[in-house]
Amino acid sequence: MKVHLARLGVQTKREMEMIDITDEVIKVVEESGVKNGVVNVITMHTTTGITVNEGIPCLEEDTIETLKRLVPEGLDYHHARYLDFDGRLGVNAHCHLRGMLTGINTMFPIEDGELVKGGRQTIYFVETDGPLYRKYCVQVLGE
Amino acid sequence: MIDVHTHPVLVEEIMEKDDQMLRVVREVFGLGNRAQPLETFLLHMEDAGIDVSVIHPIDCTSTRGDKIYSNEQIAELVDMAGGKFIGFASVDPHSDRAGEDLEGAVRDLGLKGLKLAPSIQEFSPDDEKLFPLYERALDLGIPIMMHSGVSFEPNTRIRQCHPMLLEPVAAKYPDLRICIAHFGWPWVEETAALLLKYPNLYADTSCLYFDTPQEFIQFTFNGQIPTTWIERSLRNQVMFGSNFPRIEMGKMVQAVMDLGFTEGAKSLIFGGNAERFIGI
């Protein structure tokens with residue numbers, strides 16, 4: 001079995017943002033040479049997510065606004081304390097929780113060297129604590 | 001808007017050229033976050049509505065054997081940021097060359113002020129050994145950003161950061177502009193008293209030690225002292241500072257805005273006072 005791992009980065013520009021990474025994932029699949037297998041997309045952070053949805057701005061806005069409604073910033077979070085290992089306050093519990101709701105990964109099959117996905121499915125990197133330079137992995141497994 | 005208190009310690013472009021800096025940031029400055037491209041710093045400024053950030057190094061050569069960014073690195077960042085940074089210098093206060101180094105940083109590198117940290121540089125602000133350095137700053141016409149109050153850096157002491165230790169300096173040099181960083185927290189009443197008595201003293205809002213920015217700024221400026229003290233009496237001496245990247249500047253801007261100052265006071269706190277303090 002062939003295993004191909006690509007480490008990719010993205011500069012996010014706002015506190016919350018959905019970034020379409022579908023083309024980047026397809027490119028890694030093509031570069032991998034894998035004809036039949038699966039591709040995993042995994043974020044490397046705890047205040048980001050990977051999700052799949054229809055790639056239109058209204059749904060991106062709805063996703064962000066729903067995450068904000070489900071996890072408001074101003075609640076009484078235990079994380080709002082000094083973190084000596086970080087040298088700063090943990091003021092971003094809501095960012096961690098919003099990221100958790102989107103999940104950290106997604107997976108698609110590969111057939112005849114192509115990503116198999118629905119026509120409206122878009123792969124998103126979800127920023128919940130930006131702006132920051134972020135990293136994610138695309139791992140292709142197969143033959 | 002001007003943020004008078006930031007530390008550009010996580011800028012990737014500088015770290016890539018200095019193989020010791022990540023260790024210094026972790027072990028000496030005590031910050032665990034990852035390095036980021038300069039663009040991230042500038043995006044945080046944009047997000048917060050900050051036009052200009054003052055960036056500070058700390059020269060702790062005598063006490064730690066390191067500099068948390070050199071003056072040359074600060075000057076390099078100022079050049080890279082296209083007018084969005086104002087650089088302050090830092091010199092080793094225990095060095096016989098401190099005054100000359102400061103003059104070089106101002107005249108040759110174009111830095112606009114002096115950053116001192118009694119905590120990590122291990123001195124007492126009222127020690128007369130420092131007075132020649134203060135006089136050099138006065139001669140150069142530059143202000144001093146003096147760390148005050150609690151320090152996050154490992155193995156540092158709070159006592160020598162008491163703002164009252166600045167009183168003899170403020171009294172002896174009435175034309176020397178000094179900012180009591182972090183509002184001298186927890187000695188907020190003492191800082192307010194010093195500002196009331198010495199018009200050459202300033203203080204910045206970059207204090208966040210417990211809870212959230214919203215909660216802690218309310219506690220400090222609408223609890224430890226009433227907001228009216230700043231609104232009515234100290235509005236010409238209080239400056240916005242965030243302490244980025246120990247906290248995102250946008251969160252601190254919002255917390256200070258939520259104190260409900262009048263438009264006139266906000267204009268001073270978020271810009272006018274910093275312009276006068278720095279001399280721009």
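Me: Two strands pair if DSSP finds at least two bridges between them; how do you know that β1(A) and strand β10 of chain A pair?

Reply: This is a predicted model, in which local features need a pLDDT of at least 70, side-chain atom pairs count only at pLDDT 80 or more, and totals for chains, interfaces and linings use all residues. Residues are numbered from 1 along each chain as its sequence is written, while chains are lettered from A and ligands numbered from 1 in the order in which they are written. In this model 10 bridges join β1(A) to β10(A) (residues 133–142) in the antiparallel sense, so the requirement of at least two bridges is met. Within that ladder, Lys2(A) has Gly142(A) as its bridge partner in β10(A).

Me: What makes β1 and β8 of chain A edge strands?

Reply: The open sheet to which they belong has 5 strands in the order β1-β10-β3-β7-β8 (chain A), with antiparallel pairing. In that sheet β1 (2–11) and β8 (114–115) of chain A each pair on one side only, and it is on this ground that they are the edge strands. Helix α1 (residues 22–32) of chain A packs on the sheet, where it touches β1, β3 (37–43), β7 (105–111), β8 and β10 of chain A, and its direction makes about 40° with that of β10(A). The angle depends on a convention: axes are lines fitted to C-alpha atoms, for helices over the stretch in contact, and angles run from 0 to 180 degrees between N-to-C directions. The names of these elements rest on DSSP runs, numbered from the N terminus, with helices (H or I) of at least four residues and strands (E) of at least two.

Me: Why is Val28(A) called buried?

Reply: A residue is buried if 20 or more other C-beta atoms lie within 10 Å of its own, exposed if 12 or fewer do, and partly exposed in between, the C-beta atoms being placed from the backbone. Val28(A) has 22 C-beta neighbours inside 10 Å and therefore counts as buried. This residue lies in helix α1 of chain A.

Me: Which residues does Val28(A) touch, not counting residues up to four places away in sequence?

Reply: With that exclusion, Val28(A) touches Ala6(A), Val138(A) and Val140(A), where contact requires the C-beta atoms, placed from the backbone, to lie within 7 Å. As for Ile50(A), which is 22 residues apart from Val28(A) along the chain, the two C-alpha atoms are separated by 16 Å.

Me: What makes up the largest nonpolar core?

Reply: A nonpolar core is a set of buried Ala, Val, Leu, Ile, Met, Phe, Trp, Tyr and Cys residues joined through C-beta atoms within 7 Å. The largest such set has 91 residues, of which Leu102(B), Met146(B), Cys179(B), Ile180(B) and Met239(B) touch the most other members. Helix α13 (residues 263–278) of chain B gives the most to this core, with 7 residues. A second, separate core of 18 residues includes Val39(A), Ile50(A), Ile110(A) and Tyr136(A).

Me: How do you know that strand β8 of chain B and strand β9 of chain B are joined?

Reply: Between β8(B) (residues 178–180) and β9(B) (residues 201–204) there are 3 bridges, and the strands run parallel. Cys179(B), already named among the core residues with the most contacts to other members, stands opposite Tyr202(B) in β9(B). Both strands belong to an open sheet of 5 strands in the order β6-β7-β8-β9-β10 (chain B), with parallel pairing. Helix α9 (residues 188–197) of chain B lies across β8 and β9 of chain B and runs at about 145° to β9(B).

Me: What makes up the side of chain B that touches chain A, by class?

Reply: In all, 22 residues of chain B are in contact with 16 residues of chain A. Helices α3 (38–48) and α10 (213–224) of chain B each supply at least two residues of that side, and the largest share, 5 residues, comes from α3(B). By class, that side has 9 nonpolar, 8 polar and 5 charged residues, where Ala, Val, Leu, Ile, Met, Phe, Trp, Tyr, Cys and Pro count as nonpolar, Asp, Glu, Lys and Arg as charged, and the others, Gly among them, as polar.

Me: What pLDDT does chain B average?

Reply: Chain B averages 97, and 100% of its residues score at least 70, on a scale from 0 to 100 that expresses the predictor's confidence in each residue. For the complex, the predictor gives an ipTM of 0.89 and a pTM of 0.94.

Key:
Contact = placed C-beta atoms within 7 Å.
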